[in-house]
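Here are some notes for reading the model below. Please keep the structure open and follow the points in order.

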Amino acid sequence: MKKILLPILFIAVVFIGVLHSCKSSKSSKESVEISDKEKVAFNATKGDTISIADSETEYEIIIIEPGFNFWLQSIARPEGYYSQSFLENRNRILVIEWNQRVIQPLRFDTNLYEIQINYDANVDYGYEVNYKLYNYFVYFQRKYNQRLGPFLPRI
């Protein structure tokens, strides 16, 4: 009797776990309203390469993403809107989640999460690098309907 009860109990626990994970993934997905202007930016093909660098530091990030440059110039919050500490805190959270997804190719789309981001929380990358990196994460989440952190990517 114990031999039969144990596999049945195991199957029940797994089934309940699957049901719970399905419910939690559905409830955690809140939709973000995308404007027509933003849809145009998502479909833009010009200005698809942007270099993120700070003139005071030697750090640089190159993003090759169609529409990001247009979106950054026309839709994103302007430079100075966020403090550098806000951007650094958000980038830490977003980079950790991004890198977790890169190392799980069976779970996450490898076309979206191709390469890890080397972001050290103890390094001062400057305002411009943090601003553009944060806005890339916002753009990415909105364009590809992803959620990298505990907060919705709003503009």
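Leaving aside neighbours within four places in sequence, which residues is Asn91 in contact with?

1. Asn91. With neighbours within four places in sequence left aside, the contacts of Asn91 are Tyr119, Asn130, Leu133, Tyr134 and Phe137. Asn91 itself sits in helix α4. Its relative accessibility is 0%, and so Asn91 counts as buried. Please bear in mind that this is a predicted model.

2. Overall layout. The protein has five helices and two strands. Read from the N terminus, the order of the elements is α-α-β-β-α-α-α. Of the 155 residues in the protein, 34% are buried. Among contacts with a separation of 6 or more, 68% join residues that are 24 or more positions apart.

3. Asn130. One contact from the opening point, Asn130, can be looked at from its own side. Asn130 belongs to helix α5. The relative accessible area of Asn130 is 0%, so this residue is buried. Apart from neighbours within four places in sequence, Asn130 touches Gln84, Leu87, Glu88, Asn91, Tyr119 and Tyr125.

4. Helix α5. This helix has 18 residues, and the distance from its first C-alpha to its last is 26 Å. That is close to the 26 Å expected at 1.5 Å a residue. Because 15 of the 18 residues of α5 are buried, the helix is largely enclosed by the rest of the structure. Just after α5 comes Asn145, which takes a positive phi of about 55°.

5. The nonpolar core. The largest nonpolar core holds 29 residues, and Trp98 and Tyr113 touch the most other members. Elements giving two or more residues to this core are α3, α4 and α5. The biggest share comes from α5, which gives ten residues.

6. Trp98. Which residues does Trp98 contact, leaving aside its neighbours within four places in sequence? They are Leu112, Tyr113, Ile115, Ile117, Tyr136, Phe137, Phe140 and Leu148. Tyr113 appears in this set, and Tyr113 is also named with Trp98 as touching the most other members of the core.

7. Phe68. Helix α3, residues 68-74, contains Phe68. Is Phe68 buried or exposed? Its relative accessibility is 1%, so Phe68 counts as buried. Phe68 and Asn135 are 67 residues apart in sequence, while their C-alpha atoms are 9.0 Å apart in space.

8. The largest pocket. The volume of the largest pocket is about 580 Å³. There are 22 lining residues, and those closest to the pocket centre are Ile61, Ile62, Ile63, Ile115 and Ile117. Two elements, β2 (60-64) and α5 (127-144), give two or more residues to the lining. By class, the lining has 16 nonpolar, three polar and three charged residues. Ile115 and Ile117, listed here beside the pocket centre, are also contacts of Trp98.

9. The cavity. Rolling a probe the size of a water molecule over the atoms shows where empty space is left. How many cavities of 30 Å³ or more are counted? The count is one. The largest cavity has a volume of about 40 Å³. Its lining consists of Arg90, Leu94, Tyr134, Val138, Gln141, Phe151, Leu152 and Pro153. The elements that give two or more residues to this lining are α4 (84-102) and α5. Helix α5 gives the most, with three residues. In terms of class, six of the lining residues are nonpolar, one is polar and one is charged.

10. Ile155. The segment after α5 contains Ile155. At 34% relative accessibility, Ile155 falls between buried, under 20%, and exposed, over 50%, and so Ile155 counts as partly exposed. Once neighbours within four places in sequence are left aside, Ile155 is in contact with Glu38, Trp71, Ile75, Arg77, Val138 and Arg142. Val138 is 17 residues from Ile155 along the chain, and the C-alpha atoms of the two are separated by 7.9 Å. Val138 also lines the largest cavity.

11. Points to check on the model. Helix α5 recurs in these notes: α5 contributes to the lining of the largest pocket, gives the most to the lining of the largest cavity, and gives the most to the largest nonpolar core.

Definitions and conventions: Residues are numbered from 1 along each chain as its sequence is written. This is a predicted model: local features need pLDDT of at least 70, side-chain atom pairs count only at pLDDT 80 or more; totals for chains, interfaces and linings use all residues. Side-chain values use heavy atoms; hydrogens and water are left out. On a 1 Å grid over the protein atoms alone, a cavity is a set of points where a 1.4 Å probe fits but cannot get out, and a pocket is an open set with protein on both sides within 12 Å along at least five of seven lines; lining residues have an atom within 4 Å of a point. Grid points are joined across faces, edges and corners, and a volume is the space filled by probe spheres set on the points. Helices (H or I, at least four residues) and strands (E, at least two) are DSSP runs, numbered from the N terminus. Ala, Val, Leu, Ile, Met, Phe, Trp, Tyr, Cys and Pro count as nonpolar, Asp, Glu, Lys and Arg as charged, and the others, Gly among them, as polar. The expected span of a helix is 1.5 Å times one less than its number of residues. Buried means under 20% relative accessible area, exposed over 50%, partly exposed in between (1.4 Å probe, protein chains only). A nonpolar core is a set of buried Ala, Val, Leu, Ile, Met, Phe, Trp, Tyr and Cys residues joined through side-chain atoms within 4.5 Å. Contact means heavy atoms within 4.5 Å.
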